[in-house]
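Let's take a walk through this model together. Have the sequence and the coordinates open as you read.

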Amino acid sequence: MLHRLSSDRAQFKTLAFKPGLNIILASRHEGSDSSAKRRSRNGAGKSSVLDIVHFLLGGQTEGALKSSVVKDWNFTLELDVGPERLAVTRRASDATQVAIAGSSILQSRITNSLWCKHLGEAWFGWTGKKGAGGTSYRQLISFFARRKRDGGLEDPIRTFRSQTSASSETTLAELFGLDTELVRQLHYSKAAIKKLKTAQRALADLDKAAAPGTKQADLEAQLEAQIAAVKLGRDRLNTRIESFNVLPAFRELETELVILNQRFRDLSDDDILDAESIDVNIRSLESESLSELPDLTRLFAEAEIIFPDLVGGRYAEVRRFHEQLVANRKSHLQTEISSARRRIDEREPLREAVEERRRDITKALRASGPADQLLQLRDELSDREGELRQLKGRLEDARKLEVSIEQTEADLDDAIRALRQDRRERSAIVELASTTFSQISESLYEQPGSLAISATDDGLRFLPSTPFDQSAGVMSMEIFCFDLTIALLAQRRGIGPGFLLHDSHLFEPVDGRQFAKSLQIAAQISAETEIQYIALLNSDELDRAQRESGADFSDFVLETELSDLPGGGLFGARFD
């Protein structure tokens, strides 16, 4: 139960709560124009009451508490925690610490985390978050003080907009007295399967080169097929490389072949030169034979008539000299011809040796292939080996993922069976919850709604339904009935904070008669069960409810009222 909400600043409107129904009223004064009307709804501080209560129960700074105007204000909430009435004080500028008064257990100043832990233990028997997906004290308390800003008025089973089914169902299982651990395990397994399958898809997406046909198979089969294909290619490359006649001095052979080719060309050139020399010399030799003294006989015959003794002697000498000269010339030509032929003959075996060596080297090179090709083959082999290692790694990961998925799916099946079994074994709790919800909704609609709690493959489903499901007002009343059901079940189990807060946003879409009826039900249940119900309302809405129903709620309105007058808001000042 909450007793008092105050601050160390005099302008703050202290709220003194009492048992049963409490109505915190924000009044709008007569004569206010439309803008004043809007201000009264948005700035009197009703939502700030919720924000401060959450803040003092371990929540974060929200709404007006983020304003620099109030960051150093100390807010104090007096409340029952277990058998003790405590006063907790906290300020936004030092939100990690809280001051505690009246406790025989807690020190006068503790951390906010320790304060949350203490409240969780005292109100819910909560001893800490149990594994991934486990509920928390803040999630539990949020069902007793919903906020529109968080999305808490959009769905009965969620108190904030982004709340997952796992968080919601685990928290509700805790509040309804069902096995929280089974719900957590079920959702944990579902989340694990989702992550594993995401990883499996990511692994499959790596395989851009997979043949279209193989993509129809599961990942493991795809990878096995690819590995077989890559292995075949690798083995063929290995065979080609192993059969490749590798010559260590391959480059030297290529160089030698170049030298031999040049040597062969030089020998051929020399042969050609010598052959030309032979040809020239032979023609010269023939020329020497044809030019043998053709006119000397006639010349000396004519000269002998005049000088018979002298000419006859000299002609004989000249003829001998000429014959000797021709003979020498012929001998020289013969020698040259012979030398050239000898050189040609001498080159022949050398040319044959060069040609034989050239043939051997060419044959060897042709049999071995170029070195660049061998290197290319080895590069291709290295690529294939790398691809094979990657595929094998993926296959190993895929198999591990598959095993993990199979195991997790088995765990999920076990969790679903266990949850259904637990649901059957705790049918009395489920029946009590359904009955409580039906009774409250029947009080509103004169016919009962229903609350089904179903253990399905998707989780533990809480399905509240009131007789008329088509309007926004009915959604608000579903939340009203659902929250009261939670508060009643918790109170019967000896847990819960002992209060329930609803602000005016919950009742805005509800017609005046049902609005009034809901307040009457809250007042009745509060009186019967000592569950404190606190409603934060606008004065015109309360007037509408009273006018349409004929009910009078003035006895439940707190003495301190909030208003749209200057200084009339919760903080004594406006921040909008």
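Of the protein's 576 residues, 45% count as buried (under 20% relative accessible area with a 1.4 Å probe and protein chains only; over 50% is exposed, and anything in between partly exposed). Keep in mind that this is a predicted model, where local features need pLDDT of at least 70 and side-chain atom pairs count only at pLDDT 80 or more, while totals for chains, interfaces and linings use all residues. Residues are numbered from 1 along each chain as its sequence is written, and side-chain values use heavy atoms, with hydrogens and water left out.

As for secondary structure, the protein has 16 helices and 12 strands (DSSP runs numbered from the N terminus: H or I of at least four residues for helices, E of at least two for strands). Now take contacts, meaning heavy atoms within 4.5 Å. Among those between residues at least 6 apart in sequence, 69% join residues at least 24 apart.

Next, the inside. In soluble globular proteins, nonpolar side chains tend to be buried together. A nonpolar core here is a set of buried Ala, Val, Leu, Ile, Met, Phe, Trp, Tyr and Cys residues joined through side-chain atoms within 4.5 Å. Which residues touch the most other members of the largest one? They are Phe 176 and Phe 480, in a core of 112 residues. Helix H13 (residues 472-492) supplies the largest share of this core, with 12 residues. Apart from it lies another core of 12 residues, including Leu 196, Leu 223, Val 230 and Leu 388. Back at Phe 176, and leaving aside neighbours within four places in sequence, its contacts include Ile 429, Leu 451, Phe 462, Phe 482, Leu 489 and Arg 493.

Two helix pairs are worth a look. Helix H5 (residues 165-176) and helix H6 (residues 180-205) have axes that come within 8 Å and cross at roughly 170° (axes are lines fitted to C-alpha atoms, for helices over the stretch in contact, and angles run from 0 to 180 degrees between N-to-C directions). That makes H5 roughly antiparallel to H6, because angles over 145 degrees get that label, those under 35 are roughly parallel, 65 to 115 roughly perpendicular, and the rest oblique. Ser 165, Ala 166, Glu 169, Thr 170, Ala 173 and Glu 174 in H5 meet Thr 180, Val 183, Arg 184 and His 187 in H6. These residues split into 3 nonpolar, 4 polar and 3 charged (Ala, Val, Leu, Ile, Met, Phe, Trp, Tyr, Cys and Pro are nonpolar; Asp, Glu, Lys and Arg charged; the others, Gly among them, polar).

The other pair is helix H12 (residues 427-445) and helix H15 (residues 512-529), packed at an angle of about 140° with axes 9 Å apart. H12 is therefore oblique to H15. On the H12 side the contact is made by Ile 440, Ser 443, Leu 444 and Tyr 445, and on the H15 side by Gln 514, Lys 517, Ser 518, Ile 521 and Ile 525. By class, that contact has 5 nonpolar residues, 3 polar and 1 charged.

Finally, some acidic residues. Asp 274 sits in helix H8 (residues 250-290) and counts as buried because its relative accessibility is 6%. Not counting residues up to four places away in sequence, Asp 274 touches Ala 340, Arg 343, Ile 344 and Arg 347. Glu 541, in helix H16 (residues 539-549), is buried too, at 5% relative accessible area. Asp 564 follows strand S12 (562-563) and is buried at 9%. The C-alpha atoms of Asp 564 and Ala 44 are 5.8 Å apart, although 520 residues separate them along the chain.
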